[in-house]
Amino acid sequence: AAKAVQAYATPNATLAVDSSNGVSSAFALDAVTKYADLIAPTNVFDGNSLAYRVTKDGVVGNWQSSYSTPKNDGSQDGHYQVEIKQVDGSGNESGVETIDFVLSSMAPDTPNVSLANGVGDGIANGYDTELVSGDGALISPTNSPEGSLLEYKVTYNGQDSGWQSTYQAPATDGSADGVYNVQVRQTDIAGNVSKVQSIDFT
């Protein structure tokens with residue numbers, strides 16, 4: 001006999017976290033996330049089991065009795081489609097729920113901000129620079145993914161500003177002369193945070 005379809009409610013599982021960087025409220029609803037966890041459905045009929053089928057980047061998997069959460073270390077990033085249905089002991093099935101999301105868990109590149117008018121010995125260690133500047137102006141990074149949040153933390157003569165979403169160049173009238181360290185990081189739309197770039201200048 002053919003299996004009955006729609007005998008039970010279509011599962012109502014959800015993506016647990018649609019992570020974002022807070023730049024836009026839309027990023028919390030775009031199904032681009034660094035976490036692939038699902039919240040189990042709450043409408044499964046007593047005694048029924050769940051079946052899951054995962055399609056990753058167009059490759060369709062087999063129906064399984066459980067959902068294996070992809071790793072969020074960058075190794076399993078991609079476009080996922082998770083299908084879920086409930087099945088009773090006689091093989092009768094509900095309708096199929098489909099959850100689509102993009103797993104993006106790899107951190108963006110370290111920013112490549114540079115000092116606009118610095119002179120000195122140039123790059124000392126990776127992106128770390130020790131320079132003398134007349135105005136402390138910075139050139140924005142060229143390697144920021146679209147929608148990224150760029151943050152700066154300025155230490156001036158030992159005083160830490162904390163992380164800020166904008167950078168204010170020091171005054172050039174002599175009142176703000178001193179030793180500066182500017183740290184820069186970027187967070188992509190999925191909430192992944194880059195390593196910190198550090199720029200030292202006087």
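The legends below describe views of one predicted protein chain, beginning with the whole chain and moving on to pairs of charged side chains.

**View 1. The whole chain, built from strands.** In this predicted model, the chain holds 15 strands and zero helices. Along the principal axes, its C-alpha atoms fill a box of roughly 85 × 25 × 25 Å. The radius of gyration of the chain is 25 Å, whereas a compact globule of 202 residues would have a value near 17 Å.

**View 2. Contacts and surface of the chain.** Among the contacts in the chain with a separation of 6 or more, 58% are made by residues that stand 24 or more positions apart. Of the 202 residues, 37% count as buried, and the accessible surface of the chain comes to about 11,000 Å², with 49% of that area belonging to carbon and sulfur atoms.

**View 3. Charged side chains.** The chain carries 24 negative and 9 positive side chains, and the centres of these two sets lie 12 Å apart. Salt bridges in the chain come to a count of four, and the views that follow show some of them, including the pair formed by Glu83 and Arg53.

**View 4. The salt bridge between Glu83 and Arg53.** The side chains of these two residues meet with a distance of 2.8 Å from N to O. Because Glu83 belongs to strand S6 (residues 78-87) and Arg53 to strand S4 (residues 49-56), the pair ties together parts of the chain that are 30 residues apart in sequence. Glu83 counts as buried, at 13% relative accessibility, whereas Arg53 is partly exposed, with a relative accessible area of 23%.

**View 5. The salt bridge between Glu151 and Arg185.** In this pair the side chains meet at 2.9 Å, again taken from N to O. The bridge links distant parts of the chain, since Glu151 lies in strand S12 (residues 149-156) and Arg185 lies in strand S14 (residues 180-187), 34 residues apart. With a relative accessible area of 14%, Glu151 is buried, while Arg185, at 22% relative accessibility, counts as partly exposed.

**View 6. The salt bridge between Asp57 and Lys56.** Here the closest N and O atoms of the two residues are 3.1 Å apart. Asp57 counts as partly exposed, at 47% relative accessibility, and Lys56 is likewise partly exposed, with a relative accessible area of 28%.

How values were computed. Residues numbered from 1 in each chain as written. Predicted model: local features only at pLDDT ≥ 70, side-chain atom pairs only at ≥ 80, totals over all residues. Heavy atoms only, no water. Helix = DSSP H or I, 4+ residues; strand = E, 2+ residues; numbered from the N terminus. Rg over C-alpha atoms; globule rule 2.2 N^0.38 Å. Buried < 20%, exposed > 50% of the residue type's maximum accessible area, 1.4 Å probe, protein only. Contact = heavy atoms within 4.5 Å. Areas by Shrake-Rupley, 256 points an atom, 1.4 Å probe, with all protein chains shown as cover. Lys, Arg positive; Asp, Glu negative; His and termini not counted. Charge placed at Lys NZ, Arg CZ, Asp CG, Glu CD.
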